[in-house]
Amino acid sequence: MRVKTAIFKILVLLIFSATLTPDNIVGQAVPGKDENIPFLVNFGRNGETSWGDDDFYSLFFFTIPKDYNRQFYIKVFDPDCGGENDEIQGLFDSRTMFSVYGGKGVDPDKNLASRGLKQGENYKQGNLLASRVFGNEPQYDNKYYSFGPFNPTEGDYNEKWKSYIFKIVCEGITGDDGNLYRYFLSRESKSELPIEGANAFTYEYTFRMWNDTKSVAHIYPYVDTGIVSIKQRNFDWDDDGTILVVSTYKQGIPVPISNEDDEKISIIPVEQAEIGKSLDFQFHKKKEFLVRNNNVVVSLENQRGDALQFFSSPIGGVPVYQPVMTIRQQQK
Ligand SMILES: [Ca+2]
Ligand SMILES: [Ca+2]
Ligand SMILES: [Ca+2]
Ligand SMILES: [Ca+2]
């Protein structure tokens, strides 16, 4: 009887979660709502890599569908480093530069250097459209700063995605504190109005976990045609629980986890049925005790050494892992 009740509860939960299809996910928030990640994080260049940021810069791409012909804004939540949200080391002295790029050279399919994955490559090709440096500035603490307005055609056109691509670069130019922040793509500067069909992605994800032993974070790498295996790299996971790969064919494959200031690399085979969808990388925090302020870096490559994209806001675009498939698996 108790088992039956438990099965019923699980089914109800699964059916409920199955309604969260990509169509229901609204907005280009980065991190995306379904990722359950509180913040992106970027330390000042004088920081220690053992605090969870291995290179002190990070990139995000935004795609604007070609049918959208109005202006838009790239908003940064809590762009300052001070006050709420941020990670202090001594006193707040970090300065963070955010720069928005468009035009030729931005599209990471055509220009591999634009992905910013290799030390010494110029990831700033394209037209600099806007830039601002933030220190410890109470006026932007826990608040948004809006870059823009931008016209979609200022981006770099990508035929495959039928979208104009923009890039925002975040760099910790001085100091050692960790700047925690989020992005939002919006039709208006004063509110958060998403653009239908727009998307956000990166190749190297540097983020903060919730300070909650029950929390599970997700990231969704896209498996393009031709991929037979994936090399995952996680850095500075602080031995904080488990990292699982879930898909229509994988019910939770654990990957080797990093500890303090080190990296773990492993190869994950990919099935034909996983092509053209996103995998669900799940980050389950340690249950026994709380690992506080865990910042982690994750990146993936295919068997040819080509980097995979993580989509943060897959609305109307890339199909993500569908929870509905879990029901079928549970019922067999
Ligand atoms: Ca400091
Ligand atoms: Ca702040
Ligand atoms: Ca901040
Ligand atoms: Ca960490």
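**Exercise 1. An open sheet**

In which order do the 4 strands of the open sheet stand, and is the pairing parallel or antiparallel?

*Solution.* Welcome! Keep in mind throughout that this is a predicted model.

Step 1. The order is E13-E20-E16-E17, with antiparallel pairing.

Step 2. Now look at the edges. Strand E13 (216-219) and strand E17 (251-254) each have a single partner strand, so one side of each is left without a neighbour in the sheet.

Step 3. Ignoring direction, neighbouring strands of this sheet are turned against each other by 30 degrees on average.

Step 4. Zoom in on one pair: E13 meets strand E20 (residues 280-284) in the antiparallel sense through 4 bridges. Within that pairing, Ile 219 has Phe 281 of E20 as its bridge partner.

**Exercise 2. The site of ligand 1**

Find the protein donors of the calcium ion (ligand 1), and work out why the arrangement is irregular.

*Solution.*

Step 1. Collect the donors. Gln 89 and Leu 91 each offer an O atom, Asp 93 and Asp 176 each give an OD atom, and Asp 177 appears twice through OD atoms. The distances to the ion run from 2.2 to 2.9 Å.

Step 2. Check the angles. The 6 donor atoms subtend 47 to 173 degrees, and therefore the arrangement is irregular. For six donors to count as octahedral, opposite ones must be over 155 degrees apart and all others between 65 and 115.

Step 3. Turn to the sequence, where the donor residues follow the spacing Q-x1-L-x1-D-x82-D-D. Gln 89 sits in the loop between strand E4 (72-77) and strand E5 (95-102), and Asp 176 in the loop between strand E9 (163-174) and strand E10 (178-186), so the pair ties together parts that are 87 residues apart in sequence.

Step 4. Classify the two residues. With buried meaning under 20% relative accessible area, Gln 89 is buried because its value is 19%. Asp 176 is buried too, at 18%.

**Exercise 3. The site of ligand 4**

Describe the site of the calcium ion (ligand 4) and locate its donors along the chain.

*Solution.*

Step 1. Asp 236 donates through O and OD, Asp 238 through OD twice, Asn 294 through OD1 and Asn 295 through O, at 2.3 to 2.8 Å from the ion.

Step 2. Angles among the 6 donor atoms span 47 to 172 degrees, and the site is irregular.

Step 3. The spacing of the donor residues reads D-x1-D-x55-N-N. Asp 236 belongs to the loop between strand E15 (229-235) and strand E16 (242-246), while Asn 294 belongs to the loop between E20 and strand E21 (295-302); this pair links distant parts of the chain, 58 residues apart.

Step 4. Both of these residues are buried: Asp 236 has a relative accessible area of 1%, and Asn 294 has 0%.

**Exercise 4. A tryptophan and its contacts**

Which residues does Trp 51 touch, not counting residues up to four places away in sequence?

*Solution.*

Step 1. Place Trp 51 in the loop between strand E2 (39-43) and strand E3 (57-65). Its relative accessible area of 23% makes it partly exposed.

Step 2. The contacts are Phe 43, Gln 89, Asp 176, Asp 236 and Asn 295.

Step 3. Compare with the donor lists. Gln 89 and Asp 176 are donors of ligand 1, whereas Asp 236 and Asn 295 are donors of ligand 4.

Step 4. As for Asp 238, its C-alpha is 9.6 Å from that of Trp 51, although 187 residues separate the two in sequence.

**Exercise 5. Two calcium ions and one aspartate**

Which residue coordinates both the calcium ion (ligand 3) and the calcium ion (ligand 2)?

*Solution.*

Step 1. Ligand 3 is coordinated at 2.2 to 3.0 Å by residues including Asp 78, Asp 80, Asp 86, Asn 179 and Leu 180.

Step 2. Asp 78 is the residue that coordinates both ions, which are 3.9 Å apart.

Step 3. Asp 80 in the loop between E4 and E5 and Leu 180 in strand E10 link parts of the chain 100 residues apart. Asp 80 is buried at 0% relative accessibility, and Leu 180 is buried at 1%.

**Exercise 6. The nonpolar cores**

How many residues has the largest nonpolar core, and which have the most contacts inside it?

*Solution.*

Step 1. The core has 51 residues, and Phe 147, Ile 168, Tyr 183 and Phe 283 have the most contacts inside it. E9 supplies the largest share, 4 residues.

Step 2. Another core lies apart from this one; its 13 residues include Tyr 57, Phe 61, Ile 165 and Tyr 203.

Step 3. Follow Phe 283 back to the sheet of Exercise 1: among the residues it touches are Val 216, Ala 217 and Ile 219.

How values were computed:
Residues numbered from 1 in each chain as written. Chains lettered and ligands numbered in written order. Predicted model: local features only at pLDDT ≥ 70, side-chain atom pairs only at ≥ 80, totals over all residues. Heavy atoms only, no water. Donors = N, O, S within 2.8 Å, 3.2 Å for Na, K, Ca; no water. Tetrahedral: all angles 85-135°; square planar, octahedral: opposite > 155°, others 65-115°. Helix = DSSP H or I, 4+ residues; strand = E, 2+ residues; numbered from the N terminus. Buried < 20%, exposed > 50% of the residue type's maximum accessible area, 1.4 Å probe, protein only. Pairing = 2+ DSSP bridges. Axes fitted to C-alpha atoms, helices over the stretch in contact; angles between N-to-C directions. Contact = heavy atoms within 4.5 Å. Core = buried A, V, L, I, M, F, W, Y, C linked by side-chain atoms within 4.5 Å.
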